[in-house]
Amino acid sequence: MALPAFNMRELIEAGVHFGHKTKRWNPRMAPFIYGVRNDIHIIDLGKTVPLLHAALATVRDTVAKNGRILFVGTKRQATDPIAEAAKRCGQYYINRRWLGGLLTNWNTIQASIKMLRKLEEQLAGHNAGFTKKELLSMSRQRDKLEVSLGGIKDMGGRPDLLFIIDTQKEELAVKEAQKLGIPIVAIIDSNCTVDGITFPIPGNDDSTRAIHLYCRLVSDAVLDGIQQSMTKTSEDLGAREDVTEILAIDATAEQPATEAASTEAKEKEAKGEEAHRRGNRGRRGATSAKKPPMVQVKKAPPGKKKVEE
């Protein structure tokens, strides 16, 4: 399958190459710094392109194996793009606040998700038997849980890969993923570090255009992975070596059913013919019944009179 296409010109137009000011940089990002301009670090896009391509390939392969991707971005610029990209490709997201223990204490999070579903069911019915005060309290609790857990309520388990924007802000998510051994695809700015990041992508994590670009590319990679998994499941029967055995088994399995159907049809046909014959016999009997004899009375001629005794 083809990965989503991008080039260095698109990265430059989105401002991916702009880092932070030199006084805010992290020395561990020195291998990915191209130079300095106007007291701002310039990220080397020559190293960003291959790393981004490798990260997209990893996302696609994970989804092709029926894996789950969790989009994480709670900063103001990333809130809407993260949610839109995750919904577009049918994945999961955290865009408001990372709850402590969201991955390491998954059982407690599942209990909160069950509570959210229960509240949604109770509030879905009209006139559910609650007072106005109870309904108001339940709706507030539901909205609070929806903001925190609405993007992962259908996830069903821990994710197989995390896509994170701004690892410095999402430090807690990075630590939990590292503790559980979950791979991380993350955007690394000049003030961040690559330590513990499985697939780092050097780039600007503050520009809205750059964040939209990252989310679009990752969601396209997820869609490619879904398409690849669908093509794998729909296996061509003619390409299998045991196709003759499969056809023979299907034929033997269908043979008793066809024989039973044929015998049933013959019985119905015989019953129909017998009923038809009986009907014909009844009709013939009715038509062949003897008619009562007709008595003819001869009238006397008008000139003759009856002789009285």
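## Burial and the overall chain

A residue is called buried here when its relative accessible area is under 20%, and exposed when that area is over 50%, with partly exposed residues in between. The model described in this report is a predicted one. By the cut-off just given, buried residues make up 39% of the 309 residues in the chain, and both D166 and K75, a pair that returns below, are buried.

The chain is built from eight helices and eight strands. Of the contacts in the chain that have a separation of 6 or more, 63% are between residues 24 or more positions apart. The accessible surface of the chain comes to about 19900 Å², and carbon and sulfur atoms account for 52% of it.

## Salt bridges between distant parts

Side chains of opposite charge can pair when their charged atoms come close. In the whole structure, a search finds 14 salt bridges. One of them joins the side chains of R28 and D195, with a distance of 1.8 Å from N to O. Because R28 lies in the loop between β1 (18-21) and β2 (33-37), while D195 lies in the loop between β7 (184-188) and β8 (199-202), this pair ties together parts that are 167 residues apart in sequence. With a relative accessibility of 39%, D195 counts as partly exposed.

A further salt bridge is formed by D166 and K75, whose closest N and O atoms are 3.0 Å apart. This pair, too, links distant parts of the chain, since D166 is in the loop between β6 (161-165) and α6 (171-180) and K75 is in the loop between β4 (69-72) and α3 (79-89), 91 residues apart. The relative accessibility of D166 is 10%, which is why D166 counts as buried. The backbone of D166 also deserves attention, as this residue has a positive phi of about 70 degrees although it is not a glycine.

## Helix α3 and its charged network

Between D220 and R88 there is a salt bridge in which the closest N and O atoms are 2.7 Å apart. Here the distant parts that are linked are both helices, with D220 in helix α7 (residues 208-233) and R88 in helix α3, 132 residues apart. The two partners differ in their accessibility: D220 counts as buried at 16% relative accessibility, whereas R88 is partly exposed, with a relative accessible area of 46%. The pair does not stand alone, for E10, R88, R216 and D220 are linked in a network of salt bridges.

Within α3, the residues T79, P81, I82, A83, A85, A86 and C89 are buried. After α3 comes G90, which has a positive phi, near 75 degrees.

## How α4 and α5 pack

Two packed helices are described by the angle between their axes and the distance between the axes. For helix α4 (residues 106-124) and helix α5 (residues 132-149), the axes come within 9 Å and cross at roughly 135 degrees. That angle makes α4 oblique to α5, because it is neither under 35 degrees, nor over 145, nor in the range from 65 to 115. The crossing in which α4 passes α5 is left-handed.

Many residues take part in this meeting of helices: on the side of α4 they are I109, S112, I113, M115, L116, L119, E120, Q122 and L123, and on the side of α5 they are L135, M138, S139, Q141, R142, L145, E146 and L149.

## Three single residues

T62 is found in helix α2 (residues 45-64), and its relative accessible area of 16% is why T62 counts as buried. When its neighbours within four places in sequence are left aside, T62 is in contact with G67, I69, D160 and L161. A14, by contrast, lies in a loop, the one between α1 (8-13) and β1, and A14 is buried as well, with a relative accessible area of 9%. Its contacts, again leaving aside neighbours within four places in sequence, are with S207, R209, A210 and L213. A14 and H212 are 198 residues apart in sequence, yet their C-alpha atoms are 8.8 Å apart in space.

N38 lies in the loop between β2 and β3 (40-43). At 69% relative accessibility, N38 counts as exposed. Although N38 is not a glycine, it has a positive phi of about 55 degrees.

Terms used: Residues are numbered from 1 along each chain as its sequence is written. This is a predicted model: local features need pLDDT of at least 70, side-chain atom pairs count only at pLDDT 80 or more; totals for chains, interfaces and linings use all residues. Side-chain values use heavy atoms; hydrogens and water are left out. Helices (H or I, at least four residues) and strands (E, at least two) are DSSP runs, numbered from the N terminus. Buried means under 20% relative accessible area, exposed over 50%, partly exposed in between (1.4 Å probe, protein chains only). Contact means heavy atoms within 4.5 Å. Accessible areas come from the Shrake-Rupley method with a 1.4 Å probe; for residues, only the protein chains shown count as cover. A salt bridge is a side-chain nitrogen of Lys or Arg within 4 Å of a carboxyl oxygen of Asp or Glu. Axes are lines fitted to C-alpha atoms, for helices over the stretch in contact, and angles run from 0 to 180 degrees between N-to-C directions. A crossing is left-handed if the near helix is turned anticlockwise from the far one by less than a right angle, and right-handed if clockwise.
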